[in-house]
Amino acid sequence: MADILITNGLVLTCEKDVLSGPIIPDGAVAVEGNKILEVGSSAELAAKYAGAHRIDASGCIVMPGFVITHTHMPYVLGHNMPVDFSRLKSFWDMLQKMGWEWLEDITTGEGIYAATRYAAAKMLKSGTTTVCEMVEGPNALPGALSSSVRAIEEVGIRAQVGFEVTERIPGVSILERMDPARAEEGFQENLRLLKSHPAGGEGRIQGRLGVHTAYTNSPDTLRAARSFADQHGCGIQIHAAEIPRAFLVEKYGKSAPRVLEETGVLGADVLAVHCIDMTDEDLEIFQRRGVHVAHTPMTNSLGGNGVARVPEMLELGINVSLGHDCFFTLDTPEYIRYAYLLHKAHNANPMLLPPFQALDLVLGNGARALGLQERIGSLAAGKRADILVIRPDAPAPVTPASVTSWITMTFRGRDVETVLVDGRVVVDQGRMTTVDEEEVARKCREEAIKLWRKNGIDV
Ligand SMILES: [Zn+2]
């Protein structure tokens, strides 16, 4: 017996991927509890599930929710913060000042909670139903993850969540000194979350160990991260090769992928984020180890860090998904579109990353990157009911033949009308059902003001 029946839509199943998944004109999706019961034609399913609550998707696209595999939701507090950018001369400065000193090191539990509610709600409203969140904020320990998870629970997005393990000492250059005891605090924070939200369980929210980088941790801590992930079956999320390789080569005489391989970190449960400055050998290591990649083109562009070799990664069979750092808009289609266009421009080749492949990044590939391919990423019986109803604002027909192109070229977040996560309607007619949006925005701005004032900004 279906609880909800979405009818009369242009249904994209995206099973097994966007290109081969059937597209059903005048299609329907039946939902029972938190799962998809059946996908088929409207006439057939309407007759079969007459008693279900009906969502009429006439004129709309019905598709799986997007999966964004790298976020730092508390970063929204620093959006457009008018700091003295003339002091930032390099990516290294951006990381130390903008990332750490002006943001992470002064983040509080209340800030994490308020910002996460805001960011999660905005992402849901533009179609992201799953995120992989890495919380950073060494002075918000212990308890940073409980603040994050409290917000995620309230808003209703699906998430894997972890705290960054790092030996970095706030206020001290990592070139000068690091402290393994700091990393231990990070492990303990992850452990507490995994006890309440185990990986591989039935929950909508699950723990995934966060590890900051290979250069902010010693080889011993990296080895400990592998043991921790094996013990708890939780997988690892880690930034890799996001800075020019010279830094790690100078420190260890080898690249991040080699350091990570030699310390045993790499495996099919690893989600490596950024992965820009990769040699052929580095790519081969990721391919051999089955590492998943979270591609973050906007952040990489902002930092002037270059362009990841995504078309080559895909060619090698490396699973590439899409992430962002919450530095910019939270409007998911903008990230899809940027990835869709960037590699064509960078390689002077319009054939790279066609629409179906750009969409795979945020659907099946994203689900696989998080080990959730049996649950999300497509519309099929038995999968979790994470579903979007999108009303295209289009000057030309959106048909089965044009719909993937429309999503990559024209779609905007405000076109998302209804969103289900785990069978629950969390966005209805473009409005959040789980939280008071005005209150969420107000609280977030209050926390942003507190953070800005700590940086001496008169606001
Ligand atoms: Zn990041």
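In which sense do E5 and strand E15 (residues 387-390) pair, and over how many bridges? The two strands run antiparallel and are joined over four bridges; strands count as paired if DSSP finds at least two bridges between them. Helices (H or I, at least four residues) and strands (E, at least two) are DSSP runs, numbered from the N terminus. One of the contacts in this pairing sets isoleucine 61 against its bridge partner in E15, isoleucine 390. E5 (residues 61-64) also pairs with strand E1 (residues 4-12), here in parallel and through two bridges. Valine 62 in E5 has valine 11 opposite.

A word on the model is helpful here: it is predicted, with local features needing pLDDT of at least 70 and side-chain atom pairs counting only at pLDDT 80 or more, while totals for chains, interfaces and linings use all residues. Residues are numbered from 1 along each chain as its sequence is written, and side-chain values use heavy atoms, with hydrogens and water left out.

Turning to the metal site, the zinc ion has as protein donors His70 (NE2), His72 (NE2), His239 (NE2) and Asp325 (OD), at 2.0 to 2.4 Å. Donors are N, O and S atoms within 2.8 Å of the metal (3.2 Å for Na, K and Ca), and because water is not among the atoms, sites may look incomplete. The donor residues follow the spacing H-x1-H-x166-H-x85-D in sequence. Within this set, histidine 72, in the loop between strand E6 (66-71) and helix H2 (91-101), and histidine 239, in strand E11 (residues 236-240), link distant parts of the chain, 167 residues apart. Histidine 72 is buried at 2% relative accessible area, and histidine 239 is buried at 5%, where buried means under 20% (1.4 Å probe, protein chains only).

The interior also holds four cavities of 30 Å³ or more. A cavity is a set of points, on a 1 Å grid over the protein atoms alone, where a 1.4 Å probe fits but cannot get out; lining residues have an atom within 4 Å of a point. The second largest has a volume of about 60 Å³, the space filled by probe spheres set on the points, which are joined across faces, edges and corners. Its lining includes Pro138, Leu141, Phe163 and Arg182. Strand E8 (158-165) and helix H5 (180-196) each supply at least two lining residues, and H5 gives the largest share, three.

Technical notes
On a 1 Å grid over the protein atoms alone, a cavity is a set of points where a 1.4 Å probe fits but cannot get out, and a pocket is an open set with protein on both sides within 12 Å along at least five of seven lines; lining residues have an atom within 4 Å of a point. Buried means under 20% relative accessible area, exposed over 50%, partly exposed in between (1.4 Å probe, protein chains only).
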